[in-house]
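User: I have just begun to read protein models, and I would like to understand how the words used for them are justified. Could we go through some of them together?

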Amino acid sequence: MYDVYRIREDFPVLKKVIYLDSAATSQKPLPVVKAMDEYFTEYCGPYGRGAHRLSKETTEKYEDAREAVASFLGVPPGNTIFTRNTTESINMVAYGLDWRRGDHVITSVMEHHSNLLPWMRLRKRGVEVTVVDADDYGVVHVKSIEDAITERTRLIAIGHVSNFFGSIQDVRAIARLAKRHGIKLLVDAAQSLGEMSYDFEASDCDFICASGHKGLLGPQGTGILYVKDAEGLDPVFAGGGTVSNVTLEGFSFDEAPSRFEYGTPNIPGVIGLGRAVKYVEALGVDNIESHLKGLAKYCAKRLSEIPQVEVYGPEERGSLVSFNLKGLNPHDVAMILDEARKICVRSGAMCAQTALARLGISGAVRASFGCYTTKEEVEALASSIEMMAKTLT
Ligand SMILES: Cc1ncc(COP(=O)(O)O)c(C=O)c1O
């Protein structure tokens, strides 16, 4: 049985605050902190280089983490690359593909800036970028992607779950569409990995970009890039760790994943991420998903009952609820929640300005949940907003 109160014992910081900002970055369970601590205190060494014992142990643990993440995704470890965050993963694809003038990319108005700006920048290189619209609930209809396809479309880049609306895109149908047209598919899974069961490999994604520090409960400074055809992507960075042979005349890149992992990586972070993925697996992604969806539904319902509150997004949503309280700036709402009840929420444009602009707004409040969030905490938010609404009338 899913016992959220038991789970919370692994997250001591939750005794201090009501943390409703997990979509930005999640809290970390003690086993993850311990795994990172052990790296520093017991075998701290360099990764991948050196014949000495600390280097060997470090490399072994780092590769164990890769195995854990790859098996979690259901993809081969050789195609699983560690990065710093989703933003880096997406940029590595945008700058690593061999673009020709007139090539075409489709993305959507719902995207986080990290899945929009890297494509928009390609316009300078003669790549055309179509940003398809969504409906008022943040759902991107597959038909609008289909209608945007041209003979030159090479890539569809879509976020699985919107970080503002919480809307869930039909990645399976988009993958089928992309495959039918011989187009590559990149999925930004920043808001879904670890929180929604989904078989990315079976749905045939070419690139999966995700953060280690959100639903996977890994440390900040970790991200994941899965590349189906590693040879088809050029490494953006060259240097130590990426090459197999160097002479004065030139060099050859190593095989994946090494060719993409430049310099000294975030070793403690990756080891922590490997442990975090096992923690999430032990809880069960299905269990986490139904817990989170239950909380989001309850939160949206409670907030919608307050006449001065406008709740955004569809009924079927991921683990977050964005809203505005009429008459109060979202940042003020967030500050009052923090000062009055130590409730931590996100406020502002959430790096999704085009998604907010879709509704004619420039800011909102977002409450987002983790595997450790309780219904009581959501109720504390709702009752605080209710009180604020009353004082405004
Ligand atoms: C949908 C989405 N994509 C990308 C990102 C960027 O993630 P990171 O900060 O790990 O680069 C976020 C972060 O909130 C996000 O929600």
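Analyst: What follows is a set of questions and answers about a predicted model.

User: What makes the size of the protein agree with a compact globule?

Analyst: A compact globule of 393 residues would have a radius of gyration near 21 Å, and the protein has 22 Å, so the value agrees with that expectation. Along the principal axes, the C-alpha atoms fill a box of roughly 75 × 55 × 35 Å. The secondary structure within the protein comes to 12 helices and 15 strands.

User: Which residues are closest to the ligand, and how many surround it?

Analyst: The ligand is surrounded by 13 residues, and the closest are Thr87, Asp188, Gln191, Ser211 and Lys214. Sorted by class, this shell has 9 polar, 2 nonpolar and 2 charged residues. The ligand also takes up the space of the largest pocket.

User: Why is the pair between Asp188 and the ligand called a polar contact?

Analyst: A polar contact needs a pair of N or O atoms within 3.5 Å. A polar side-chain atom of Asp188 lies 2.6 Å from a nitrogen atom of the ligand, and therefore this pair meets the cut-off. Ser211 has a polar side-chain atom 2.7 Å from an oxygen atom of the ligand, while an N or O atom in the side chain of His213 is 2.8 Å from an oxygen atom of the ligand. Of the 390 Å² of accessible area that the ligand has on its own, the protein covers 88%.

User: What is the peptide bond from Ala256 to Pro257, cis or trans?

Analyst: The bond from Ala256 to Pro257 is cis, with omega near 5°. Most peptide bonds are trans, so a cis bond is worth pointing out. Pro257 belongs to the loop between strand 10 (251-253) and helix 8 (267-283).

User: What is the phi of Lys342, and what is that of Cys351?

Analyst: Lys342 is not a glycine, yet its phi is positive, at about 55°, and Cys351, also a residue other than glycine, has a positive phi near 55°. Most residues other than glycine have a negative phi, so a positive value departs from what most of them show. Lys342 is in the loop between helix 10 (330-341) and strand 13 (343-344), whereas Cys351 is in the loop between strand 14 (346-348) and helix 11 (353-357).

Notes: Residues numbered from 1 in each chain as written. Predicted model: local features only at pLDDT ≥ 70, side-chain atom pairs only at ≥ 80, totals over all residues. Heavy atoms only, no water. Near = heavy atom within 4 Å. Polar contact = N/O pair within 3.5 Å; in protein donor to acceptor, adjacent residues only side chain to side chain. Areas by Shrake-Rupley, 256 points an atom, 1.4 Å probe, with all protein chains shown as cover. 1 Å grid on protein atoms, 1.4 Å probe; cavity = no way out; pocket = protein on both sides within 12 Å on 5 of 7 lines; lining within 4 Å. Sits in = over half its atoms within 2 Å of the grid points. Nonpolar A, V, L, I, M, F, W, Y, C, P; charged D, E, K, R; others polar. Helix = DSSP H or I, 4+ residues; strand = E, 2+ residues; numbered from the N terminus. Rg over C-alpha atoms; globule rule 2.2 N^0.38 Å.
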